[in-house]
Amino acid sequence: MKPPSGPEEARRQASDIGVFASSCTLHGLGHVFGPGSLTPRRGLWAVAMLLSMAAFLYQVAERVRYYGEFHHETALDERESPQLTFPAVTLCNINALRRSRLTANDLHWAGPSLLGLEPSEHAAFLRALGQPPAPPGFMPSPTFDMARLYARAGHTLEDMLLDCRYRGQPCGPENFTAIFTRMGQCYTFNSGADGAELLATPKGGTGNGLEVMLDVQQDEYLPVWKDTEETPFEVGLRVQIHSQEEPPVIDQLGFGAAPGYQIFVSCQQQQLSFLPPPWGDCSSASLDPDFEPEPSGPLGPPSPSPGPSPPYSLMGCRLACETRYVARKCGCRMMHMPGGAPVCTPQQYKDCANPTLDAMLRKDACVCPNPCAITRYAKELSMVRMPSRASARYLARKYNRSEAYIAENVLVLDIFFEALNYETVEQKKAYEVSELLGDIGGQMGLFIGASLLTILEILDYLCEVLLDRVLGYFWKRKRSQRHSSTNLAARLSLCRHQDSFRLPPHLLPRHTALDPASVFRAGP
């Protein structure tokens with residue numbers, strides 16, 4: 001029998017393990033599957049290859065496991081900038097309502113909830129405010145709007161702002177935006193509202209930021225009638241420095257500014273970057289503060305809004321979460337909360353909204369992830385007494401007030417950047433895909449001396465083996481079918497050849513039957 005030749009022989013050589021081992025770049029494979037019988041040397045090489053392969057697979061599994069844990073690291077850096085965007089500055093008077101603006105109708109609606117007054121105490125309280133009591137037959141208004149009360153009776157910036165300068169240039173109330181917070185009506189400088197251009201500063205230090213002189217109007221403070229949770233005992237302003245994307249939470253994050261002082265606030269911008277899942281837990285989805293009628297699970301971040309909405313921020317998420325919680329419990333929202341729910345009435349404030357919000361803040365029911373990008377401002381405060389003896393008379397004459405009034409009511413707030421540099425705190429992936437591939441490649445080269453092309457060689461060999469087995473099976477089957485058809489044709493041909501020499505029965509020759517005895521008797 002002739003040995004196979006041609007394509008079949010070439011295919012068998014390509015799938016032969018000995019031929020593959022002699023040409024493969026995988027170190028040690030040729031020593032294991034080389035020609036010859038099994039020897040101790042070959043056995044040692046096989047053990048060495050198995051141990052190296054086991055160590056390689058262990059290291060690969062360890063690296064893959066480490067990558068699957070999604071570690072991150074934090075990088076701190078300080079950078080310089082030719083100019084910095086000035087932050088938003090929100091100011092609130094600690095006294096929310098002016099005594100001269102309250103009326104008997106206001107006390108009827110808001111007295112019990114805001115001041116803890118009983119109806120029988122309204123007349124005495126009005127006298128304490130210096131106003132006449134309600135006339136006989138007084139009829140309160142059928143409805144009452146809390147937002148209108150604070151807008152009408154709150155301190156106005158036109159009355160509080162005595163002087164304003166930004167980078168040495170005059171500014172005024174038109175550069176501020178009125179905003180409602182839990183402390184009432186407040187005012188924000190450089191808010192960027194309604195598409196207004198944000199102010200920037202190209203220099204650091206005093207004189208290159210915002211400098212305002214404010215009158216806290218202490219004579220307009222409400223008398224302390226009862227000790228309630230909403231009763232303020234201090235005098236001055238609350239100030240919060242924040243980014244334009246973040247709503248002010250001045251009742252929690254604001255610092256105090258007392259009259260009789262000039263407060264210097266040195267700021268440094270901090271830019272924080274966080275990673276999204278699975279490396280971190282940041283989010284950048286916009287939020288919808290409107291409450292859901294049928295909550296299905298624990299209170300979490302509000303659902304994304306389908307329409308345009310402000311950028312995501314941590315305080316914005318908490319505010320929207322608080323809005324949803326209060327609206328769900330009380331059927332209304334507080335005046336500083338966003339959304340489309342109706343504003344709570346004074347009685348709803350007292351009975352539901354304030355207790356619900358306070359309880360929620362105590363148990364921290366809102367789950368809000370960090371935004372992927374945050375801008376914060378570190379602050380350093382210092383202060384000096386003002387006015388001096390030399391300037392008290394001048395200021396009293398300038399603003400038509402007494403020297404005692406200036407000392408008890410006026411303060412100066414100076415906010416500026418310390419320098420035109422900012423800090424970056426950035427979360428980075430501790431282990432990238434490229435590092436994983438580099439580690440696997442290094443372990444592969446160290447333990448088994450292989451590379452990516454070696455893997456391609458092995459895959460190519462496996463394909464050759466598969467093709468050899470599959471094609472060999474079909475070759476054998478085809479050869480068997482061909483051999484069977486050849487034998488069948490030969491048998492048919494032989495049968496036809498025999499049938500050509502066979503005579504029909506009627507053509508066979510006839511012979512006379514002979515008696516054997518007669519044959520022996522016959523003679524010549």
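The following exchange examines a sheet and a helix in a predicted model.

Student: In what order do the 5 strands of the open sheet lie?

Tutor: The pairing in this open sheet is antiparallel. Its edge strands are β6 (176-181) and β11 (255-257), each of which pairs on one side only. From one strand to the next, the twist averages 30°. Read across the sheet, the order is β6-β7-β3-β10-β11.

Student: Which residue in β7 is the bridge partner of Leu91?

Tutor: Strand β3 covers residues 88-93 and strand β7 covers residues 184-189. The two run antiparallel and are joined by 3 bridges. For Leu91, the partner in β7 is Tyr187.

Student: What distance does helix α5 span between its end C-alpha atoms?

Tutor: Helix α5 comprises residues 104-115, which makes 12 residues. At 1.5 Å a residue, a straight helix of that length would span 16 Å. Helix α5 spans only 13 Å.

Student: Why is α5 described as largely enclosed by the rest of the structure?

Tutor: A residue counts as buried under 20% relative accessible area. Among the buried residues of α5 are Asn105, Asp106, Leu107 and Pro112. The elements that cover the buried residues include α6 (122-128), α7 (146-153) and α11 (346-363). The helix is largely enclosed because the buried residues number 10 of the 12.

Student: Which residue just after α5 takes a positive phi?

Tutor: Helix α5 ends at residue 115. Just after α5, a phi of about 70° occurs. The residue with this positive phi is Gly116.

Technical notes:
Residues numbered from 1 in each chain as written. Predicted model: local features only at pLDDT ≥ 70, side-chain atom pairs only at ≥ 80, totals over all residues. Heavy atoms only, no water. Pairing = 2+ DSSP bridges. Helix = DSSP H or I, 4+ residues; strand = E, 2+ residues; numbered from the N terminus. Axes fitted to C-alpha atoms, helices over the stretch in contact; angles between N-to-C directions. Expected span 1.5 Å × (residues − 1). Buried < 20%, exposed > 50% of the residue type's maximum accessible area, 1.4 Å probe, protein only. Contact = heavy atoms within 4.5 Å.
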